[in-house]
Amino acid sequence: MRILHYYNAEDQMVAQHVTMLQEGMGRDAENHLTTNNDDARTLLQGSHYDILHLHGCWRNSSRSIVNIALRKGCRLVVTPHGQLEPWVQEQDYWKDKLPKRVLYQQRIIQQAYAIIIQGRMEQECMERLAWNKRLVTIRNCVITSSISKEEMSKQTFALYRKIMDTNTLELLSPDMRQHLKTIIMAGITGDKRWLPAEAVTALPAAVSIPWRELLLYAHHEQITDTIHRGLRILGLETQDVDVEHIDHFWPDDYQEVPLIGTTIGNQFASENERLIASFKTIRKLISNGQFSIKHLIELDRELRQHGCNEEELAESLKERHLLKIARHIMQLMSDLTGLTEGFMPVPPLNNRKTRQLRTTIDNHLKI
């Protein structure tokens, strides 16, 4: 794990705190320290960092540095060091703090995966501001004897790990995402003979798979059974990762959503009626921003295992204003679960709305 700390060299207490973090973590993380704007930009543009740890507030240079970091896929942590407390914000408020707050400071806090606070008063302040709900208390050994340098560093590293264990789909390479589709298809069909030969041939060796990220993604999206079955079918020996006890962040106001089958039940006169009810449920999930990969997998299985009267279904979907949604879903299943047109009751449709739905699914757990 590579961390870049950016801080103001003129603030001696902050500088001492950052140095202690670097020393306390030792080899657990690769910590790089910089106080210079140009140096930070060069480091971020020249190599990959997992986390940008921003110390302090109100520096104009922070805005461009954060923008570069986020474009490069770096995750943000902020330790305000008390610089968002009311008495600080009131200093030269109209000419300095308010313009900076509007231009960048509030946005930086909102973009952070976590805000490290160092005591109860700062926590109360941040809760009143309500710019970010992910507040993590880690005391600062520079200003209190209630925590050691080692414990402060340990807790900070644990937070870094928690951040990197969140929304792990975002951390998978484009190639690994394509392999994920192959694994899901194998898990659904239970037979690799249904898979394109070139997709199976392209699979990486087990040692090259980012197991922690992959299995956490499966656990968070509630598709673990499908992923494990697919890996077994493909002959990929899974590493043992105790995903149940790995801490992570959920998006604000996250609510677990049930499977489509649980929502609609089993009492239907025909398979067509069941599919119509499924697409109605999907429309509601989409409108609530709750549609995810597990629903595509569930519907994929349904279409592979049960036949339907395609002409009557298409007409019924059209009457209920569900036909376009159904066609979007067919395209998404082609892209993400490998469903072929032979199993599709309506033809797929790939347009801007389809791409928006794909983004919704990809960002389902995004912070």
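**Helices and hollows**

Q: Which residues are exposed on the other side of α6, away from its buried ones?
A: This is a predicted model, in which local features need pLDDT of at least 70 and side-chain atom pairs count only at pLDDT 80 or more, while totals for chains, interfaces and linings use all residues. Residues are numbered from 1 along each chain as its sequence is written, and side-chain values use heavy atoms, leaving out hydrogens and water. Exposed means over 50% relative accessible area, buried under 20% and partly exposed in between (1.4 Å probe, protein chains only). On that other side of α6, the exposed residues are R120, M121 and R128.

Q: Why do the buried residues of α6 lie on the same side of it, and what arc do they cover?
A: Helix α6 spans residues 120–129, and its buried residues are E122, C125 and M126. Helices (H or I, at least four residues) and strands (E, at least two) are DSSP runs, numbered from the N terminus. The three are on the same side of α6 because the arc they cover around the axis, taken from the directions from the helix axis to the C-beta atoms, is only 95°.

Q: Which elements do the buried residues of α6 pack against?
A: We can look for contact, meaning heavy atoms within 4.5 Å. Packed against the buried residues E122, C125 and M126 are α4 (86–89), α5 (93–111), β5 (114–117) and β6 (135–137).

Q: Where does a positive phi of about 75° occur just after α11?
A: Just after α6, A130 has a positive phi of about 60°. For α11, the residue just after the helix with a positive phi of about 75° is G235.

Q: What arc do the buried residues of α11 cover around the axis?
A: Helix α11 runs over residues 224–233, with T226, I227, G230 and L231 buried. The face turned away from them carries the exposed residues D225 and R232. The buried ones sit on the same side of α11 because their arc is only 130°.

Q: Which helices do the buried residues of α11 pack against?
A: T226, I227, G230 and L231 are the buried residues here. Their packing partners are α8, α10 (211–220) and α14 (293–305).

Q: Is T189 buried or exposed?
A: T189 is found in helix α8, residues 174–189. Leaving out residues up to four places away in sequence, T189 touches W194, L195, R229 and R304. Its relative accessible area is 18%, so T189 is buried.

Q: How much space lies in the largest pocket?
A: On a 1 Å grid over the protein atoms alone, a pocket is an open set of points with protein on both sides within 12 Å along at least five of seven lines, a cavity is a set where a 1.4 Å probe fits but cannot get out, and lining residues have an atom within 4 Å of a point. Here 14 residues line the largest pocket, with H81, G82, Q118, E122 and I143 nearest its centre, and α1 (12–25) and α6 each give two or more residues to the lining. Grid points are joined across faces, edges and corners, and a volume is the space filled by probe spheres set on the points. For the largest pocket, this space is about 260 Å³.

Q: Which elements give two or more residues to the lining of the largest cavity?
A: The whole structure has two cavities of 30 Å³ or more, and the largest holds about 60 Å³ of space. I260, G261, I264, R274, S278, E298, L299 and E302 line the largest cavity. The elements giving two or more of its lining residues are α12 (260–264), α13 (271–287) and α14.
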